[in-house]
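Visitor: Please take me through one part of this model in detail: the metal site. After that, add what can be said about the main pocket and a few buried residues.

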Amino acid sequence: MEQDQQLLQLFQQTGALLEGHFQLTSGLHSPRYLQCALVLQHPHHAERIGQALAAFFEADHVDVVVAPAVGGIIVAHEVARALSVRALFTERESGRMTLRRGFSLNKNERVLVVEDVVTTGGSTRETIDVVRSAGGNVVGAGSIVDRSGGQVDLGVRGHSLLILDVPVYDHANCPLCKDGGVAIKPGSRGLKQ
Ligand SMILES: [Zn+2]
């Protein structure tokens, strides 16, 4: 896990990262399919990834790890396990991100916000806002994958274990379609191992 290359291999081995020509649930086409849940379904991989991410924030004296549900829950749990602190998650209530289930933060608790995948940084930003409203002090933001190619700035110290460029195209502009290829829907028969 020390090397990006090892993590990349883990994603490929577990089918969490596929290369080819895919039609995503958004309808857009991409030469890459990324599904973090497929690597995190293996608890020992999730644990190692959590340790790797936690290592970058070891000096930040984190009190609590907070992630947006659903994708971030396991990440928060494993990072928090590695740091021996609490793991909370935010979730949407009537469209608005919030802390539920009796979760609360003490005033000025040092919070690390984590995610599985950062695309635009939107849900991480919302989670940072929730943490601050609840009295927490956001000391960093981490993700397993940054699929923006490193373009997102969250305004706090951040780290992603893997920076990936995942281009998307509408059907009409897809270079893979232009080459005569046919896009596959990930998860469909034939892709499963
Ligand atoms: Zn295409």
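Guide: What follows starts at the metal site and then moves to the pocket and two buried glutamates. The model is predicted.

The metal is a zinc ion, and four residues coordinate it: His21 through NE2, His29 through ND1, and Cys174 and Cys177 each through SG. The distances run from 2.0 to 2.4 Å. Seen from the zinc ion, the four donor atoms subtend angles of 94 to 121°. The arrangement is tetrahedral because four donors count as such if all angles lie between 85 and 135 degrees. For reference, the ideal angle for four tetrahedral donors is 109.5 degrees.

Along the chain, the donors follow the spacing H-x7-H-x144-C-x2-C. His29 sits in strand β2, residues 29-34, while Cys174 belongs to the loop between β8 (158-163) and α6 (175-178). These two residues are 145 apart in sequence, so the pair ties together distant parts of the chain. Both count as buried because the cut-off is under 20% relative accessible area: His29 has a value of 4%, and Cys174 has 0%.

Strand β2 comes up again at the largest pocket, which has a volume of about 530 Å³. The pocket is lined by 23 residues, and the closest to its centre are Leu34, Gln35, Val117, Thr119 and Arg147. Three elements give two or more residues to this lining: β2, β6 (110-118) and α5 (122-133). The largest share comes from β6, with four residues. By character, the lining divides into eight nonpolar, ten polar and five charged residues.

Just ahead of β6 in the chain is Glu109, in the loop that joins β5 (96-99) to β6. Glu109 is buried, and its relative accessible area is 10%. Setting aside residues up to four places away in sequence, Glu109 touches Asp63, Val64, Arg86, Gly135, Gly136 and Asn137.

The second glutamate is Glu78, found in helix α4, which spans residues 73-83. Glu78 is also buried, with a relative accessible area of 8%. Its contacts, apart from neighbours within four places in sequence, are Ala46, Glu47 and Gly50.

To return to the part you asked about: the zinc site takes its donors from two histidines and two cysteines, in a tetrahedral arrangement. Of these donors, His29 and Cys174 are both buried.

Definitions and conventions: Residues numbered from 1 in each chain as written. Predicted model: local features only at pLDDT ≥ 70, side-chain atom pairs only at ≥ 80, totals over all residues. Heavy atoms only, no water. Donors = N, O, S within 2.8 Å, 3.2 Å for Na, K, Ca; no water. Tetrahedral: all angles 85-135°; square planar, octahedral: opposite > 155°, others 65-115°. Buried < 20%, exposed > 50% of the residue type's maximum accessible area, 1.4 Å probe, protein only. 1 Å grid on protein atoms, 1.4 Å probe; cavity = no way out; pocket = protein on both sides within 12 Å on 5 of 7 lines; lining within 4 Å. Points joined across faces, edges and corners; volume = space filled by probe spheres on them. Nonpolar A, V, L, I, M, F, W, Y, C, P; charged D, E, K, R; others polar. Contact = heavy atoms within 4.5 Å.
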